[in-house]
Amino acid sequence: LGFLVSLPLILRWDDAPVVAGMQHGMRYIIDVPWIQSLGVRYSMGMDGISLLLGLLTTILGAVAILSSWSAITVRIKEYYAYMLLLQTGMLGVFVSTDLFLFYIFWEVMLVPMYFLIGVWGGPRKLYAAIKFFLYTLLGSVLMLLAILALYFKYVSLYGWENRTFSLFKFLDMGLDPQFQIWCFVAFFIGFAIKVPMFPFHTWLPDAHVEAPTAGSVILAGVLLKMGTYGFVRFS
């Protein structure tokens with residue numbers, strides 16, 4: 001159903017209203033207040049990159065569910081709940097234009113993958129799940145520091161009343177090169193762990209070997225793309 005619902009996104013792409021910015025403009029914009037005390041907005045949109053990655057997520061989600069049909073025989077309800085939660089997190093990462101919201105989805109996606117490996121994985125599943133969790137958590141902490149640095153920099157320039165986590169407003173902010181480099185490095189390491197790039201790659205073989213088949217499909221097909229998406233979108 002998730003895949004079928006996503007098909008109109010590409011079928012109506014040329015007719016959707018366009019807002020300037022990103023790859024060929026943003027479409028399907030949602031932007032409403034969320035946590036007003038912090039300036040957080042529930043802000044989403046799609047450009048050319050996030051459209052393709054969103055469709056990749058929904059079609060591989062359907063493939064993963066079908067491949068689990070007879071393979072998963074224990075805790076079936078919990079398994080499919082985690083698969084759907086994982087898909088929610090991945091889609092949220094690709095369409096969020098508010099960095100606080102992006103970070104929430106990035107962390108939400110981590111939890112179901114941990115349980116998919118740790119509960120339905122192979123003989124060394126617990127070791128692989130914990131290793132995956134710790135590596136990704138380290139990258140998430142660095143990324144959070146970069147997001148907060150940008151947030152407080154924006155507040156210092158434009159005042160607390162204009163506080164925001166908006167990606168577009170951060171991109172328009174005049175930043176000195178030194179500050180940009182530190183933010184780049186923090187984002188880069190967080191995304192490099194997710195790709196994963198050397199020397200942050202050692203969690204991947206264990207996770208791939210121990211994960212259930214559907215988890216391995218999602219891991220290779222979507223999760224690893226999130227790191228390179230982060231390079232393009234944020235770094």
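Trainee: Starting with the inside of this predicted model, how do the residues lining the largest cavity divide by class?
Mentor: The lining is made by Met 26, Gly 45, Asp 47, Ser 50, Phe 94, Val 95, Ser 96, Thr 97, Tyr 229 and Arg 233. Gly counts as polar in this scheme, so Gly 45 goes with Ser 50, Ser 96 and Thr 97. Asp 47 and Arg 233 are the charged ones. The split is 4 nonpolar, 4 polar and 2 charged.

Trainee: Which elements give two or more residues to that cavity lining?
Mentor: Look at who is on the list: Phe 94 and Val 95 are there, and so are Tyr 229 and Arg 233. Helix α3 covers 76-95, while helix α9 covers residues 213-233. The elements you're after are α3 and α9.

Trainee: And what is the volume of the largest cavity?
Mentor: With a threshold of 30 Å³ or more, the count comes to 1 cavity. Its volume is about 40 Å³.

Trainee: Let's move on to the largest pocket. Which element supplies the largest share of its lining?
Mentor: The pocket holds about 600 Å³ of space, and 29 residues line it. Elements giving at least two residues each are α1 (2-11), β1 (27-35), β2 (40-46), α2 (48-67) and α3 (76-95). One of these supplies 9 residues, the largest share, and that is α3.

Trainee: How do the lining residues of the largest pocket divide by class?
Mentor: Don't judge from the centre alone: the residues nearest to it are Gly 2, Ser 6, Thr 58, Gln 87 and Leu 91. Of those, Leu 91 is the nonpolar one, since Gly, Ser, Thr and Gln count as polar. Taken over the whole lining, the residues come out as 19 nonpolar, 9 polar and 1 charged.

Trainee: Now the helix packing. How do α2 and α9 run relative to each other, roughly parallel or roughly antiparallel?
Mentor: Their axes come within 9 Å and cross at roughly 170°. The cut-off here is 145 degrees, and angles over it go in one class. That makes the α2 and α9 pair roughly antiparallel.

Trainee: What classes of residue make up the contact of α2 with α9?
Mentor: On the α2 side, you have Ile 49, Leu 53, Leu 56 and Leu 60 among others. From α9 come residues including Val 217, Ile 218, Val 222 and Val 232, along with Lys 225 and Arg 233. By class, the contact has 11 nonpolar, 5 polar and 2 charged residues.

Trainee: α9 also packs on α7, doesn't it? What is the handedness of that crossing?
Mentor: Yes, the axes of α7 (residues 177-194) and α9 come within 7 Å and cross at roughly 155°. That makes α7 roughly antiparallel to α9. As for hand, α7 passes α9 in a crossing that is left-handed.

Trainee: Which residues of α7 meet α9?
Mentor: On the α9 side, the partners are Leu 223, Leu 224, Met 226, Gly 227, Gly 230 and Phe 231. The contact as a whole has 7 nonpolar, 2 polar and 1 charged residue. The α7 residues are Phe 188, Phe 191, Ala 192 and Lys 194.

Trainee: How about α5 and α8: which class does their packing angle fall in?
Mentor: Helix α5 (residues 125-158) packs on helix α8 (residues 203-210) at about 135°, with the axes 9 Å apart. An angle has to be over 145 to be roughly antiparallel, and 65 to 115 is roughly perpendicular, so this one falls in neither class. The pair is oblique.

Trainee: Which α8 residues do the α5 side chains and backbone meet?
Mentor: The crossing is left-handed. From α5, the contact uses Lys 125, Tyr 127, Ala 128, Lys 131, Phe 132 and Tyr 135. Their partners in α8 are Trp 203, Asp 206, Ala 207 and Glu 210.

Trainee: Where are the cis peptide bonds at Pro 196 and Pro 199 placed?
Mentor: The bond from Val 195 to Pro 196 is cis, with omega near -10°. Another cis bond joins Phe 198 and Pro 199, with omega about 5°. Both prolines sit in the loop between α7 and α8.

Conventions
Residues numbered from 1 in each chain as written. Predicted model: local features only at pLDDT ≥ 70, side-chain atom pairs only at ≥ 80, totals over all residues. Heavy atoms only, no water. Axes fitted to C-alpha atoms, helices over the stretch in contact; angles between N-to-C directions. Helix = DSSP H or I, 4+ residues; strand = E, 2+ residues; numbered from the N terminus. Parallel < 35°, antiparallel > 145°, perpendicular 65-115°, else oblique. Left-handed = near helix turned anticlockwise from the far one by under 90°. Contact = heavy atoms within 4.5 Å. 1 Å grid on protein atoms, 1.4 Å probe; cavity = no way out; pocket = protein on both sides within 12 Å on 5 of 7 lines; lining within 4 Å. Points joined across faces, edges and corners; volume = space filled by probe spheres on them.
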